[in-house]
Amino acid sequence: TGRDDGAERSAEGRRITWISVAVNILLTAMQVVVGTLAHSQSLIADAMHTLTDIVADGFVLYANRKGAEAADAEHPYGHGRYETAASLLLGALLAATGGGILLTAADRLAHLGDLPPVGVAALWAALFTLGAKEALFRYMLGTAERLRSPMLVANAWHARADALSSLVVAAGVGGALLGFNFA
């Protein structure tokens, strides 16, 4: 029945989102620890980007729960607009995160002489994060497309943005390890 399909869809949306929460918590912790020990401010900034995914996942979980509620007198067509609003919020969060990373990078470029040497562990952490985020993106996108959920698609693309951010971090750390501190 339609009600059972909606309940299954909601449960699957929650499951994929909780998987994302778990991956993002582990990655954030690893990035902060390795970034601190390896003197990699870019890896720590990437950890803050990953942390925003946990916040985004919270929005998704809330919207998923509210969107699954049955139609009532005030919402005769159901609560599906929660999913649309969450998609918009995810896009805004992604834009704000990108702006924050850009400002942090500009500040670091202005103070290149004050930067300690970066450890090679930062490169490995960035590459590991890149692989984990790309795998999470593909898994989430496949589920989102199967469920035809714009909100879950937006959340998947947020994971892809983190993967691309980690690619930039890996390139920058690699450049710094080769002696190009501005990288």
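Of the 183 residues that make up the chain, 39% count as buried, and this figure, like the others in this report, comes from a predicted model. The chain contains 5 helices and 0 strands, so that, read from the N terminus on, its elements follow the order α-α-α-α-α. Among contacts in the chain with a separation of 6 or more, 75% are accounted for by residues 24 or more positions apart. The chain exposes about 9900 Å², and carbon and sulfur atoms supply 69% of that area.

**A buried threonine in helix α1**

Helix α1 covers residues 2-37, and Thr17 lies within it. Because its relative accessibility is 1%, and buried means under 20%, Thr17 counts as buried. The side chain of Thr17 reaches the backbone oxygen of Gly13 at 2.7 Å. Leaving aside residues up to four places away in sequence, Thr17 touches Asp57, Val60, Leu61, Leu152 and Asn155.

**Salt bridges**

Side chains of opposite charge can pair when their charged atoms come close. The structure holds 6 salt bridges, and the table lists some of them, with the N to O distance of each.

| Residue pair | Distance (N to O) |
|---|---|
| Arg15 and Glu12 | 3.5 Å |
| Lys133 and Asp53 | 2.6 Å |
| Glu134 and Arg138 | 2.9 Å |

The side chains of Lys133 and Asp53 meet in a salt bridge at 2.6 Å. Because Lys133 lies in helix α4 and Asp53 in helix α2, which spans residues 41-67, this pair ties together parts that are 80 residues apart in sequence. Lys133 and Asp53 are both buried.

The pair of Arg15 and Glu12 belongs to helix α1, where the two residues, being 3 residues apart, are separated by about one helical turn. With a relative accessible area of 39%, Arg15 is partly exposed, whereas Glu12, with a relative accessible area of 18%, is buried.

In helix α4, Glu134 and Arg138 are 4 residues apart and are therefore separated by about one helical turn. Glu134 counts as buried because its relative accessibility is 18%, while Arg138, with a relative accessible area of 57%, is exposed. Elsewhere, salt bridges that share partners join Glu12, Arg15 and Arg146 into one network.

**A nonpolar patch on the surface**

Val120, Trp124, Leu127 and Leu177 form a nonpolar patch on the surface, and together these residues have about 400 Å² of accessible area. Helix α4, which runs over residues 120-147, contributes the largest share of the patch, with 3 residues. One of the patch residues, Val120, lies in helix α4, and because its relative accessibility is 48%, Val120 counts as partly exposed.

**Helix α5 and the residue that follows**

Helix α5 comprises residues 150-177, which is 28 residues, and from its first C-alpha to its last it reaches 40 Å, close to the 40 Å expected at 1.5 Å a residue. Just after α5, Gly179 takes a positive phi of about 105°.

**Drawing the picture together**

The predicted chain can thus be read as a run of 5 helices without strands. Within helix α1, Thr17 is buried at 1% relative accessibility, and its side chain reaches the backbone oxygen of Gly13. Helix α4 holds Lys133, the partner of Asp53 in helix α2, and also supplies the largest share of the nonpolar patch.

Methods
Residues numbered from 1 in each chain as written. Predicted model: local features only at pLDDT ≥ 70, side-chain atom pairs only at ≥ 80, totals over all residues. Heavy atoms only, no water. Buried < 20%, exposed > 50% of the residue type's maximum accessible area, 1.4 Å probe, protein only. Polar contact = N/O pair within 3.5 Å; in protein donor to acceptor, adjacent residues only side chain to side chain. Contact = heavy atoms within 4.5 Å. Patch = residues over 30% accessible without salt bridge, like charges linked within 9 Å, V, L, I, M, F, W, Y side chains within 5 Å. Areas by Shrake-Rupley, 256 points an atom, 1.4 Å probe, with all protein chains shown as cover. Salt bridge = Lys/Arg side-chain N within 4 Å of Asp/Glu carboxyl O. Expected span 1.5 Å × (residues − 1).
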